[in-house]
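Thanks for making time this morning; I would like to walk you through the aromatic residues of one structure, and I will keep it short. Please have the display open in front of you while I talk.

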Amino acid sequence: MANVGAGFVQGMPVSTSLSASSLNESAGARTPVASLSTGGLVILTLLFLAPLFSELPKAVLAAIIIDAVIFGMIDVKEFARLRRVSRFDFWIALAAVIGVLSAGVLFGIVIGIALSLGWLIYVSTRPAMPLLGREPGTQVFRDIDLNPDDETFPGIRVVRLDGGLFFATAETFDGRIRGMLGGEEHLDALVIDLEGVAFIDSQGAATLTEIVELTRAQGVTLRLARVKPRVLSVLAAEGVLAQIGPDRVHGNVHRAVEAQLMGG
């Protein structure tokens, strides 16, 4: 009945204790029929085999449970993979395991979920916004920090937003752009590469409107590049495209930079 209720509210499935689950798992259980079989064996043991186990030390039962939990429920290879691929995922998993062993399964699950959600919020609200440079001899623009020998153009800054532009990232994006405009280097043009932006909401569109007004007030030409159709429709409805002008929305970063160099 508890599982039926959990199904209606999309809750977590109800199960037995960690020790029983780990023993079932280590014994090869795959379906709830294993619980019925275990229950039948327990009844038979109580009725007929109890004298045989009455003198058995509790340490033997403890050893069986510890072995099942450590070697059956904890995937050591997966922990090694997490540590190699993503250190933060590894520490979240380790914290969840410590919570399970110290305070119970539910507490460990809560720790894992809370840390995962916190990390998701942190990553979502702080998208990468690298400055771009052009690979010599090509039309490819790349992260200038990773490719310091790439070409840059005096008075022109190219920045890429790697993530959605919505209420959670709008402030970070606005701060990044204002920091660039208020820097020591004089800017004639700012090219924003929106290839990584698949979603924009009203707050993101309003922030971009403020950036348009700010660049205009400082005499900086604003150009957009690689804008996805879905994002383009939101910017058109907000009036951003009308303020920028259709001739300053380009298919790629190279065209945007070339148009600025040619005075277009």
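Let me begin with phenylalanine 79, which counts as buried at a relative accessibility of 17%, and please keep in mind throughout that this is a predicted model. Phenylalanine 90 counts as buried as well, with a relative accessibility of 12%.

How many aromatic pairs does the structure hold? There are seven aromatic pairs, and one of them joins the two phenylalanines I have just named: the ring centres of phenylalanine 79 and phenylalanine 90 are 6.2 Å apart and their planes stand at 85°, so this pair is edge-to-face, the cut-off for that being over 60 degrees. Because phenylalanine 79 belongs to helix H5 (residues 76-85) and phenylalanine 90 to helix H6 (residues 87-103), the pair ties together parts that are eleven residues apart in sequence. These two rings also belong to a cluster, in which ring pairs link Phe79, Phe90 and Trp91.

Now please move along to helix H7, which covers residues 105-125. Tryptophan 119 and tyrosine 122 form an aromatic pair there, and this one is stacked, with 5.7 Å from centre to centre and 20° between the planes. The two residues are three apart in helix H7, so tryptophan 119 and tyrosine 122 are separated by about one helical turn.

Are the two partners in this stacked pair buried or exposed? Tryptophan 119 counts as partly exposed, at 35% relative accessibility, and tyrosine 122 is likewise partly exposed, with a relative accessible area of 44%.

Methods
Residues are numbered from 1 along each chain as its sequence is written. This is a predicted model: local features need pLDDT of at least 70, side-chain atom pairs count only at pLDDT 80 or more; totals for chains, interfaces and linings use all residues. Side-chain values use heavy atoms; hydrogens and water are left out. Rings of Phe, Tyr and Trp (its six-membered ring) pair if their centres lie within 6.5 Å; planes under 30 degrees apart count as stacked, over 60 as edge-to-face and the rest as tilted. Helices (H or I, at least four residues) and strands (E, at least two) are DSSP runs, numbered from the N terminus. Buried means under 20% relative accessible area, exposed over 50%, partly exposed in between (1.4 Å probe, protein chains only).
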